[in-house]
Amino acid sequence: NAVQISCRCCLAVLLEVVQSTVLLVVSMGGTFAVLRLPVAITLHDSSGGLQLPSHPRLRSTALAKRRETPQMMGQLRPQLMQRRRQSGRTRLACWTEVFGPCPPEAPPTADELYAAEFAKDMQRDVDPRVQHFRDRARKCSEEEDCWGMVSVIDDMWKAKLDPDSWLYTLAIEACLKGNETDLARELQEEVNAWGAFPSLVRFQLAPIVDWQRPMKRVGCHIHNTLDWKGRTSVPEANTPCWLLPSQDEMAQEIAERTLELQRAGWMVVSCAPGVIRTLRSKALLHEFAETLGLVSLMPVRYTQPASAGYPCVLKPARGTWGKNTNIVYSSDELLRAVRPGKIYEVERQAEQQVEYRVQYLEQAGQEPDPEETWAERMEAAETAVRNWIEEAEWEDIGDDWVIQELVPGRYEYSTSLLVDNGLILDYACSRYEFSSETYVWPALDYSRSEYVSVPHSHLEVMSAFLVGFTGICNFNYKLRSNGQMCIFEVNPRVGGDLVFDVPKPRVRAMFEKLDAMLR
């Protein structure tokens with residue numbers, strides 16, 4: 001199958017390629033490998049009768065590196081290395097004419113299998129916990145304990161270790177032997193959802209919030225394994241990939257250190273730090289809504305406990321996952337939650353006054369009744385706190401807390417959006433049903449979630465809030481009885497709805513669109 005080229009200019013170009021090193025880019029399932037190949041090709045020039053050597057040998061960069069380190073490899077496989085030096089055979093050997101078919105590669109030898117197992121052992125030695133879980137898995141497999149195998153896999157995920165396909169294979173085999181076909185099918189579907197090359201990292205969510213397992217099921221190489229919370233030196237990216245925030249604080253950190261992250265090899269989507277600061281603060285977001293003329297689309301905000309309509313919602317101005325969010329029914333309850341240190345200080349001052357009087361009586365030779373003294377201390381503390389609350393409830397609550405109107409309703413909406421400078425590129429909405437009209441999450445968890453559409457009018461409102469924003473964000477809101485939106489908060493990060501509730505193909509489409517349009 002020799003190639004005959006009659007055009008001398010084409011032959012000259014081809015000879016120039018033959019005499020230099022060719023870079024071959026191989027693509028497999030989204031993974032790219034670059035091979036540096038010295039190529040020798042059999043050509044026939046009808047005019048000059050040029051004949052180049054036949055039977056070329058193709059060597060990859062990885063194999064060349066192995067030749068440069070004979071000390072380690074020579075100790076592991078001396079006979080194999082000697083045999084390869086004599087025969088010239090490599091794993092990428094391709095004995096063929098020009099562009100001809102390659103014969104099937106010979107099966108791996110015992111030495112090659114040993115070397116592969118040795119490499120796996122070296123990887124397991126990096127973290128001794130992996131070997132512990134593998135030993136447990138082998139024992140459960142020998143005992144055909146399918147639930148024990150599932151427990152091993154679950155425990156590895158909880159320990160922030162990724163079980164590989166080998167462990168899943170053992171678990172599936174144990175489930176089939178135990179007639180647990182449904183469980184085996186679930187495990188097989190989870191492995192299939194990883195896609196090709198599951199260890200490849202294209203999107204990295206930081207910091208770690210235990211999203212690794214559900215995000216790996218998305219199938220586009222999303223990982224949550226970078227335990228970096230900011231405020232320290234920027235980590236280096238092992239491969240070019242997207243760094244996305246899983247917490248509001250990380251979104252602020254990325255916005256403020258974009259150039260540092262890019263120099264470290266990360267790809268980031270962010271915007272001005274002031275935009276992130278406004279969106280993540282519930283107090284600043286309410287002020288921003290006033291400037292936009294959209295304050296009617298947010299809960300009524302109270303600045304003083306005395307002016308609030310009870311019951312109402314008390315929440316930190318900045319926070320995630322509903323931490324320290326409560327329904328309060330009086331100014332007394334509100335101030336006790338907001339100023340616990342001040343309450344304790346007022347109580348101690350009142351109790352100390354009683355203690356000083358008791359000490360004076362004891363020095364004068366009198367013995368007060370302990371029960372009466374205890375009752376007096378309690379009454380004095382309660383009176384002092386009540387007097388302080390009557391004064392403090394007319395003071396502003398400050399910038400650290402937000403008092404909002406309690407909006408009743410069994411349904412709550414969470415919409416995640418992919419945004420480029422305020423322009424919405426993609427969105428996905430989940431509706432959550434709760435068992436009560438008045439609640440705060442996660443004190444009361446939802447009973448059902450479903451993937452729903454978003455009206456165009458709602459998208460227009462969200463777009464107005466996102467002027468200057470680029471990245472993934474999340475709106476949390478309810479609908480009033482008249483159908484009007486009531487926006488509680490905006491999170492400038494990847495939301496939990498994308499992780500747990502939005503269908504995985506829909507999530508994959510959003511991340512792929514981010515990679516294609518914002519690169």
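**Exercise 1. Is C140 buried or exposed, going by its relative accessibility?**

Before solving, some ground rules. This is a predicted model, where local features need pLDDT of at least 70, side-chain atom pairs count only at pLDDT 80 or more, and totals for chains, interfaces and linings use all residues. Residues are numbered from 1 along each chain as its sequence is written, and side-chain values use heavy atoms, leaving out hydrogens and water.

*Solution.* Step 1: recall that buried means under 20% relative accessible area, exposed over 50%, and partly exposed in between, with a 1.4 Å probe and protein chains only. Step 2: C140 has 11% relative accessibility, so C140 counts as buried.

**Exercise 2. Find how many disulfides the structure holds, and examine C140 and C175.**

*Solution.* Step 1: a disulfide is a pair of cysteine sulfur atoms within 2.5 Å. Step 2: the structure holds zero of them. Step 3: for C140, the closest cysteine sulfur belongs to C146 and lies 9.7 Å away, too far for a bond. Step 4: C175 is in no disulfide either, its nearest cysteine sulfur, in C146, being 4.6 Å away. C175 is buried, at a relative accessible area of 0%.

**Exercise 3. Describe the largest nonpolar core.**

*Solution.* Step 1: such a core is a set of buried Ala, Val, Leu, Ile, Met, Phe, Trp, Tyr and Cys residues joined through side-chain atoms within 4.5 Å. Step 2: the largest has 29 residues, and F465, F469, F475, Y477 and I487 have the most contacts inside it. Step 3: look at F465; beyond its neighbours within four places in sequence, its contacts (heavy atoms within 4.5 Å) include L279, F288, M298, F475 and I487. Step 4: a second, separate core of 25 residues includes L205, L244, L425 and L498.
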